[in-house]
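Colleague: I should like to learn how to read a structure such as this one. May we look at it together?

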Amino acid sequence: MQTVFHLIAAEPDQQRTALTIAENLTKDDSVDMDDVAVVAQADGIEPLTAGGEGSETVESMLKRGISFKACSNTLDLKDLSESDLVDGVETVSSGGGELTRLQDDGYAYIRP
């Protein structure tokens with residue numbers, strides 16, 4: 001199974017909840033996960049920025065094999081560059097496009 005989490009909200013509690021659910025999914029022995037990904041765009045980009053609130057959690061999750069994808073449109077809009085992101089975060093041309101592609105590839109979509 002494959003799941004993608006959509007991180008879009010500015011609210012830190014919502015961001016923490018989404019990241020916690022994604023991490024818990026990888027620890028759940030009752031499901032056989034092939035991949036867990038997090039796509040961040042708009043105000044949900046904060047945890048993926050180096051030094052941003054939640055960045056330590058993102059670093060830890062990357063080490064566990066969870067992939068993180070940052071919307072390049074959001075980076076442009078917020079005047080950020082790839083170098084502003086946590087090491088290991090991938091950029092994608094658009095968050096919406098990546099979510100669509102992943103769902104087309106069979107990923108379940110979750111937006112906590």
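Modeller: We shall take the sheet, then a helix, then the cores. This is a predicted model, in which local features need pLDDT of at least 70, side-chain atom pairs count only at pLDDT 80 or more, and totals for chains, interfaces and linings use all residues. Residues are numbered from 1 along each chain as its sequence is written, and side-chain values use heavy atoms, with hydrogens and water left out.

Colleague: In what order do the five strands form the sheet?

Modeller: Strands (E, at least two residues) and helices (H or I, at least four) are DSSP runs numbered from the N terminus, and two strands pair if DSSP finds at least two bridges between them. Here the open sheet has the order β4-β3-β2-β1-β5, with parallel pairing. Its edge strands, β4 (90-92) and β5 (108-110), each pair on one side only.

Colleague: How many bridges join β1 to β2?

Modeller: Six bridges link β1 (residues 2-7) with β2 (residues 35-40); Val4 stands opposite Ala37 in β2.

Colleague: Which strands does helix α1 touch?

Modeller: Contact means heavy atoms within 4.5 Å. Helix α1 (residues 12-27) packs on the sheet and touches β1, β2 and β3 (67-71).

Colleague: Which element gives the most to the largest nonpolar core?

Modeller: Such a core is a set of buried (under 20% relative accessible area, 1.4 Å probe, protein chains only) Ala, Val, Leu, Ile, Met, Phe, Trp, Tyr and Cys residues joined through side-chain atoms within 4.5 Å. The largest has 21 residues, and α1 gives the most, with four. Apart from it lies another core of six residues, including Val4 and Tyr107.

Conventions
Axes are lines fitted to C-alpha atoms, for helices over the stretch in contact, and angles run from 0 to 180 degrees between N-to-C directions. Buried means under 20% relative accessible area, exposed over 50%, partly exposed in between (1.4 Å probe, protein chains only).
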